[in-house]
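Reader: Could you walk me through this one before I start working on it? I would like to go from the overall fold down to single side chains.

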Amino acid sequence: MNWISWAILTACLWGVVPLMEKVGLTKTQPVAGLFYRCLGVVIGFVILSCFMLKPEQIKSVDWRSALLLTAGGFIASFAAQFTFYHSLKIGEMSRVVPISGSYPLISFLLGIFILGESFTPAKFTGVVLITLGIWVLKAF
């Protein structure tokens, strides 16, 4: 599969999960929901590591990369999921998900300013549409 196929599959998977989580949070506090989500991650990782992860792959990672990846995991899978569950519990899924899913805007800006990536008209158009979408969902 090429990168676009993987990205589309990711979008499909990430698109289904908030529905499952919204329904799962109806009778559950966000912190308990986060516990079970993390449990699912651990189960998935154990299964994956049994078939794909080799010890030399772990040993080959330098300390800086390991630190950045660990911090990223903590921020994305714990901190951001915690805030997402709180917003999902009290808000409408159809509004919460697109707004919280506007992280490509943040990534775009970080890519431009920190990584020195190119600023193109197509990217600018995407940023404008994301910003407009957030405004529309928040305002109405």
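Author: The turns below go from the whole chain to individual residues.

Reader: Before anything else, what kind of model is this, and how are residues numbered?

Author: This is a predicted model, in which local features need pLDDT of at least 70 and side-chain atom pairs count only at pLDDT 80 or more, while totals for chains, interfaces and linings use all residues. Residues are numbered from 1 along each chain as its sequence is written, and side-chain values use heavy atoms, with hydrogens and water left out.

Reader: Fine. How many helices and strands are there?

Author: The protein has 7 helices and 0 strands, where helices (H or I, at least four residues) and strands (E, at least two) are DSSP runs numbered from the N terminus. Along the sequence the pattern therefore reads α-α-α-α-α-α-α.

Reader: And what are the dimensions of the C-alpha trace?

Author: Along its principal axes, the C-alpha trace spans about 50 × 45 × 30 Å.

Reader: What share of the residues is buried?

Author: Of the 140 residues, 13% count as buried, a label that means under 20% relative accessible area, with exposed being over 50% and partly exposed in between (1.4 Å probe, protein chains only). The protein exposes about 10,800 Å², of which carbon and sulfur atoms supply 77%; these areas come from the Shrake-Rupley method with a 1.4 Å probe, and for residues only the protein chains shown count as cover.

Reader: What about contacts, how much comes from residues 24 or more positions apart?

Author: Such pairs account for 73% of the contacts with a separation of 6 or more, a contact being heavy atoms within 4.5 Å.

Reader: Can you give me a residue with contacts like that?

Author: Ser 102 is a useful place to look: it sits in the loop between α5 (93-100) and α6 (103-113) and is buried, with a relative accessible area of 14%. Leaving aside neighbours within four places in sequence, Ser 102 is in contact with Ile 130 and Ile 134.

Reader: Changing topic, how many salt bridges are there?

Author: The count comes to 1 salt bridge, defined as a side-chain nitrogen of Lys or Arg within 4 Å of a carboxyl oxygen of Asp or Glu. Arg 37 pairs with Glu 21, and their closest N and O atoms are 2.9 Å apart. The pair links distant parts of the chain, since Arg 37 belongs to helix α2 (residues 30-51) and Glu 21 to helix α1 (residues 3-24), 16 residues apart.

Reader: Are those two partners buried or exposed?

Author: Arg 37 is partly exposed, at a relative accessible area of 26%, whereas Glu 21 counts as buried, at 10%.

Reader: And the cysteines, how many disulfides turn up?

Author: A search of the whole structure finds 0 disulfides, the criterion being a pair of cysteine sulfur atoms within 2.5 Å.

Reader: Why is Cys 50 without a bond?

Author: The closest cysteine sulfur to that of Cys 50 is in Cys 38, 19 Å away, which is too far for a bond. Cys 50 is itself exposed, with a relative accessible area of 59%, while Cys 12 counts as partly exposed, at 47%.

Reader: Last one: how far is Ile 43 from Cys 12 in space?

Author: Their C-alpha atoms are separated by 21 Å, with the two positions 31 residues apart along the chain. Ile 43 lies in helix α2 and is partly exposed, with a relative accessible area of 47%.
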